[in-house]
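Biologist: Please take a close look at one part of this model, a single residue with an unusual backbone, and then set that part in its surroundings.

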Amino acid sequence: MASKVRDILRRPRGLIGRSILVVAAIVFVQLAASVAFYQAIDRQTLREDHARRIAELLVVGDRVSRLAQADLDQVMTSRYLEAEVVSAPPQAPSQARAQTGEADAIVRYVRLWEPALAKRPLRLWSEDQSDGGRDLVGAMGLSDGRWLSFRSRHFPRPWPIALRAVATTLAFSLACVALGAYALRQLGEPLRRLAEAAGRVGEGPPQPVVVEGPTDLAELGRAFNDMQQRITGLIEDQARAMEALSHDLRTPLARLKLASDYVEPEDIRAMVGGNVDELEEMLRSLSAWLRAQHAASTAESVDLPALVRAVIARWPKLARYEGPRTLTVSTHRDPLEQALIRLVDNAVRFGGKAKVRLVVDDPEGGEGGPRIEVLDQGPGLTDEVLARIYEPFFRGDAARARDTGGFGLGIPTADRLLKRFGGRLQIANRDGGGVTASVWPPVGEG
């Protein structure tokens, strides 16, 4: 259930990313539409502008041609326009004849602007030049049978104006995308914190999230805080109920232990007493695992080497320490000590001997703090066992003899104690054989 909640709460990252993609797609569509729109408007505007200028040229040229004393070529020719009167109309090149759409549109506008030219023969086409420019070339029949030929050099194309408009639209669109992404990120910040808090549910004391953001997000934050409190309360109630049950079971077990002294014969008495002892040990392990869920502790300054030596003193001939003589850190003494006791006991019980190593410089952990390693001399664990090693009541070898002791709660209890106060435990096989339990102590302000 908790994993499903975490998965649901982690989706906002993908949701925000998809929202940004949707915004970007909308902006792209808007940009494409704007390009087509600006190009159409620009082309229309240029056509009308060319039509007006050519209509004026033709009207003026027709009137000047009627003045015998006027030199039409000299009067009509300018820096950007060449005009001359010829006896026969110039012929458009084959390439220009294949691309007459733009010129025909200008011709229609010319006759629309100057109805007097509607009956005059008028030809227009465009010619591409070697320098990349384009000339507008044309000819109109005059009243005396001659033709007025003209060439407008490097007449403007529609794209330069459209490109300026597109560049402006693109800049505005990119600004909108950036602002939209920033706004979505700000809106998603409470959801990211909520997802992180969901990942920590059950691993430590409840940490309420800050209720902020829009109304819906604020309501979600309050609902999550209430849910976290209810889950924590249920877990603590369950743990206390089991603790009370295990405590109450000790009384009849104590009576059984006392009664076993009067059992005959001796082998039956030993069997009953051994079973009672095993039940008592199981209840102690269960109580420790349950208390770890709601244990309380305050950070303090602790000399880690001294703490480790005190732990391995329980196994004077089977455990040894390797590391600096002194190193003081701020940590939670009791949870760390209880976790180390269980890890060293596990290493001695199933590996024969244990070596506890304190690594000051921790290039592997990334937390920047010291690391305590508990190394055994056993054969190692299979991948299946490693995958389930943190599960309560799971024993690495289901068929092993019961005289090894343990109830599958040592490592889960150590892991729960460390996680509750911000520490970490990692179990891994070691090259050459054996298992290494790496402990990153919980840190705090002492």
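**One residue and its setting**

Modeller: Phe393 is found in the loop between helix H10 (383-388) and helix H11 (410-420); helices (H or I, at least four residues) and strands (E, at least two) are DSSP runs, numbered from the N terminus. This is a predicted model, in which local features need pLDDT of at least 70 and side-chain atom pairs count only at pLDDT 80 or more, while totals for chains, interfaces and linings use all residues. Residues are numbered from 1 along each chain as its sequence is written, and side-chain values use heavy atoms, with hydrogens and water left out.

Although Phe393 is not a glycine, its phi is positive, at about 70 degrees. Phe393 counts as partly exposed because its relative accessibility is 48%, and that class lies between buried (under 20% relative accessible area) and exposed (over 50%), with a 1.4 Å probe and protein chains only. Of the 446 residues of the protein, 39% count as buried.

Another backbone feature is the peptide bond from Glu264 to Pro265, which is cis, with omega near 0 degrees. Pro265 sits in the loop between H6 and helix H7 (266-291).

The protein has 11 helices and 11 strands. Four of the strands make an open sheet, ordered E1-E4-E3-E2, with antiparallel pairing; two strands pair if DSSP finds at least two bridges between them. At the edges are strand E1 (81-86) and strand E2 (122-128), each pairing on one side only. Neighbouring strands of this sheet are turned against each other by 15 degrees on average, direction ignored, where axes are lines fitted to C-alpha atoms and angles run from 0 to 180 degrees between N-to-C directions. E2 runs antiparallel to strand E3 (residues 134-141) and is joined to E3 by seven bridges. Arg123 has Ala139 in E3 as its bridge partner.

As for internal space, there are two cavities of 30 Å³ or more; a cavity is a set of points on a 1 Å grid, over the protein atoms alone, where a 1.4 Å probe fits but cannot get out. The second largest cavity has a volume of about 50 Å³, the space filled by probe spheres set on the points. Among the residues lining this second cavity (an atom within 4 Å of a point) are Pro190, Leu194, Val210, Glu212 and Gly221. Helix H5 (159-199) and helix H6 (215-260) are the elements that give two or more residues to this lining. The lining divides into eight nonpolar residues, one polar and one charged.

Terms used: 1 Å grid on protein atoms, 1.4 Å probe; cavity = no way out; pocket = protein on both sides within 12 Å on 5 of 7 lines; lining within 4 Å. Nonpolar A, V, L, I, M, F, W, Y, C, P; charged D, E, K, R; others polar.
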